[in-house]
Amino acid sequence: MTSHILLMKPNHRDLLLDTGLRVLHKRGFNATSVQDITEAAGVPKGSFYNHFESKEDLGAEAVLRYIESSNKTQAALHDTKLSPYARLRKYLECLVQVAEKNEFCGGCLLGNFGAELSDQSEMIRARVSKGFSTWSASIAGVIAKAQAQGQISKDLPASTLAAFVLNGWEGALIRARVDKSKAPLEQFVKVTFAKTLAP
């Protein structure tokens with residue numbers, strides 16, 4: 001009976017992490033307190049420190065959770081029914097749809113934390129940097145395949161093109177948030193395929 005009760009007990013760590021990710025993404029790191037997170041999660045504030053040493057510790061874990069959740073969107077990059085070039089286009093169009101669905105609020109957690117915390121938290125900066133590197137490598141892999149098929153120019157290495165595309169996407173996403181419009185994202189996709197990822 002005791003073991004049954006323990007199995008039914010909610011996992012406060014996962015609850016705090018998922019809630020923390022949502023609140024931090026919406027409000028930003030410095031504008032969010034531990035109490036904001038525990039209240040949103042519906043757990044006592046004291047229980048937070050049973051699972052995380054600090055808000056910074058939770059923030060670093062939230063970056064990993066965010067990267068995991070982004071893997072669903074990246075499924076388009078691995079759709080072998082499409083050519084590598086078509087996969088890239090479908091992927092970026094999916095990102096535009098996600099931003100529009102979110103009404104251009106929140107943006108990208110990696111970009112947000114990168115801008116807010118790179119000079120404040122080495123732990124989080126390192127996690128964000130690794131997240132960007134992994135993301136860029138995924139895009140580069142598909143660009144390399146498209147280059148091998150003659151769909152994208154080989155004038156620049158796939159890794160350079162991928163980094164440029166990712167950096168451009170992050171900038172376009174900020175502009176979309178400012179303008180509350182998908183126009184910057186659509187312009188980014190149009191120019192990317194007309195110029196950066198041209199044959």
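Trainee: What gives the most residues to the lining of the largest pocket?

Mentor: This is a predicted model, where local features need pLDDT of at least 70 and side-chain atom pairs count only at pLDDT 80 or more, while totals for chains, interfaces and linings use all residues. Residues are numbered from 1 along each chain as its sequence is written, and side-chain values use heavy atoms, without hydrogens and water. A pocket is an open set of points on a 1 Å grid where a 1.4 Å probe fits, with protein on both sides within 12 Å along at least five of seven lines, and lining residues have an atom within 4 Å of a point. With 5 residues, the top contributor to this lining is α6.

Trainee: Which residues lie nearest the centre of the largest pocket?

Mentor: Its lining has 30 residues. The elements giving two or more of them are α2 (12-27), α5 (55-70), α6 (84-101), α8 (122-148) and α9 (158-179). Nearest the centre lie His25, Tyr66, Val98, Asn102 and Gly107.

Trainee: How many helices does the chain have?

Mentor: Helices are DSSP runs of H or I with at least four residues, and strands are E runs of at least two. Along the sequence the pattern reads α-α-α-α-α-α-α-α-α-α. There are 0 strands, and the helices number 10.

Trainee: What gives the largest share of the largest nonpolar core?

Mentor: Such a core is a set of buried Ala, Val, Leu, Ile, Met, Phe, Trp, Tyr and Cys residues joined through side-chain atoms within 4.5 Å. This one has 53 residues, of which Leu88, Phe113, Trp135, Ile143 and Leu185 touch the most other members. Elements that give two or more residues include α3 (34-41), α7 (109-117) and α10 (183-196). The largest share, 9 residues, comes from α9.

Trainee: Leucine 185 caught my eye; which residues does leucine 185 touch?

Mentor: Touching here means a contact, with heavy atoms within 4.5 Å. Leaving out residues up to four places away in sequence, leucine 185 touches Val96, Ala99, Phe104, Trp169, Ala172, Leu173 and Ala176.

Trainee: Why is cysteine 94 not bonded to cysteine 108?

Mentor: The structure holds 0 disulfides (pairs of cysteine sulfur atoms within 2.5 Å). Cysteine 108 has its nearest cysteine sulfur, that of cysteine 105, 15 Å away. Cysteine 94 has no bond to cysteine 108 because that closest sulfur is too far off, at 16 Å.

Trainee: Is cysteine 108 buried or exposed?

Mentor: Buried means under 20% relative accessible area, exposed over 50%, and partly exposed in between, using a 1.4 Å probe and protein chains only. Cysteine 94, at 21%, is partly exposed. Cysteine 108 has a relative accessible area of 5%, so cysteine 108 is buried.
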